[in-house]
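Let's take a walk through a protein model, one piece at a time. Keep the picture open while you read, and try to find each residue as it comes up.

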Amino acid sequence: NDDEVSTSIDGDDFVTYVDATAGGYQSAATNPWVYIKFTDNGAEKVSVSDEEALESLDWDMSLRRFIIRLNGGSSGPGCVGAAVFMDDTYDSLTEVPEGVMYVEDNYYTPDCSLINDSSGLPDNPQTVMGPWWEYPGCVATTGYPFIIQLANGRLVKLVVESYYEEGQDNCNNTGAMGSGSANFTIRWTFIE
């Protein structure tokens, strides 16, 4: 579906919509991830199967339901990593701080056991992008900005603005479930 990913421009930022519903929560295990690449023209969907993605350098990020993976470490063969800035906002993070360490997804122990995220939901890998959300009874956005280092060395400043089509602010403020889950709105820009 070509409508799964679309990007618009808002000032100096790209705003990308990603339909990562995967057929709903009950069907997510059997439905593929949505793969995207960050380009000068916005985020573009990459048509690759889950199996092909394990050997592909053509994608930077993949999304399915509330999980966001980067193409590096446990998630893919690339070198894409990220750093989260819990004491900043997207707007306050205007330059790359010195000494930033970019971490790749690493959600397996040495004996190949899955490292779960902190949500309490089973079989959800602890990805570098995990801090974008928390669960007070709904998928609430934290507003934490990330800097993602792409395989080519370029840097992307990014924040997940919403997970729900409607009701994200209500979820964030009251813990009430929104509607239209896994329809991401992501704000991002290249940063030097």
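What follows is a tour of a predicted model, going from the sheet to the core, then to the charged pairs and a few odd spots.

**The sheet**

Start with the open sheet of six strands, which runs in the order E1-E2-E12-E11-E10-E7 with antiparallel pairing. Strand E1 (5-10) and E7 sit at the edges with a single partner strand each, so one side of each has no neighbour in the sheet. The strands don't lie perfectly parallel to one another either: neighbours in this sheet are turned by 30° against each other on average, direction ignored.

Now zoom in on one edge. E7 is joined to strand E10 (residues 146-149) by four bridges, and the two run antiparallel. If you look across from Ala83, you'll find Ile147 in E10 standing opposite.

There's also a hairpin to look at. E5 and E6 pair in the antiparallel sense, again over four bridges, and Ser62 stands opposite Arg69 in E6. E6 is covered on both faces: Ile67 and Arg69 are buried on one side, and Ile68 and Leu70 are buried on the other.

**The core**

Which residues touch the most other members of the largest nonpolar core? They are Phe38, Met61, Trp132, Ile148, Leu158 and Phe184, out of 43 residues in that core. Several strands give two or more residues to this core, among them strand E3 (34-39), strand E4 (42-46), E10 and strand E11 (155-162). A second, separate core has seven residues, including Leu93, Val100, Ile147 and Leu155.

Take Ile148 as one example. Not counting residues up to four places away in sequence, Ile148 touches a list of residues that includes Met61, Leu70, Val80, Met129 and Leu158.

Met129 is worth a stop too. You'll find Met129 in the loop between E7 and E8, and it is buried, with a relative accessible area of 0%. Met129 and Met61 are 68 residues apart in sequence, with their C-alpha atoms 9.9 Å apart in space. Setting aside residues up to four places away in sequence, the contacts of Met129 include Met61, Ile68, Phe146 and Ile148.

Over in strand E12 sits Ile191, which is buried at 9% relative accessible area. Ile191 and Thr94 are 97 residues apart along the chain, but 7.9 Å apart from C-alpha to C-alpha. Beyond its neighbours within four places in sequence, Ile191 is in contact with residues that include Leu93, Thr94, Val96, Ile147 and Leu155.

**Charged pairs**

Side chains of opposite charge can pair when their charged atoms come close. This structure holds five salt bridges, and here are three of them.

| Pair | Closest N and O atoms | Where they sit | Apart in sequence |
|---|---|---|---|
| Lys45 and Glu4 | 2.3 Å | strand E4; segment before E1 | 41 residues |
| Arg187 and Asp10 | 2.8 Å | strand E12; strand E1 | 177 residues |
| Asp13 and Arg187 | 3.1 Å | strand E2; strand E12 | 174 residues |

Arg187 shows up in two of those rows, and it belongs to a network of salt bridges that links Asp10, Asp13, Glu161 and Arg187. How accessible are the partners? Arg187 is buried at 14% and Asp13 is buried at 13%, while Asp10 counts as partly exposed at 41%. In the other pair, Lys45 is partly exposed at 31%, whereas Glu4 is buried at 17%.

Now for an acid without such a partner. Asp117, in the loop between strand E7 (81-84) and strand E8 (133-134), is buried yet has no salt bridge. What is the nearest side chain of opposite charge, and how far away is it? It is Arg64, at 11 Å. Leaving out neighbours within four places in sequence, Asp117 is in contact with Phe66, Asn124, Pro125, Gln126 and Trp133.

**Two unusual backbone angles**

Most residues other than glycine have a negative phi. Arg65 isn't a glycine, yet its phi is positive, at about 55°. Arg65 belongs to the hairpin of E5 and E6, which has two residues between the strands, and it is buried at 9% relative accessible area.

Cys112 also has a positive phi, near 70°. Is Cys112 buried or exposed? Cys112 is exposed, with a relative accessible area of 62%, and it is found in the loop between E7 and E8.

Note on methods
Residues are numbered from 1 along each chain as its sequence is written. This is a predicted model: local features need pLDDT of at least 70, side-chain atom pairs count only at pLDDT 80 or more; totals for chains, interfaces and linings use all residues. Side-chain values use heavy atoms; hydrogens and water are left out. Buried means under 20% relative accessible area, exposed over 50%, partly exposed in between (1.4 Å probe, protein chains only). Lys and Arg count as positive and Asp and Glu as negative; His and the chain ends are not counted. A salt bridge is a side-chain nitrogen of Lys or Arg within 4 Å of a carboxyl oxygen of Asp or Glu. Contact means heavy atoms within 4.5 Å. Two strands pair if DSSP finds at least two bridges between them. Axes are lines fitted to C-alpha atoms, for helices over the stretch in contact, and angles run from 0 to 180 degrees between N-to-C directions. A nonpolar core is a set of buried Ala, Val, Leu, Ile, Met, Phe, Trp, Tyr and Cys residues joined through side-chain atoms within 4.5 Å.
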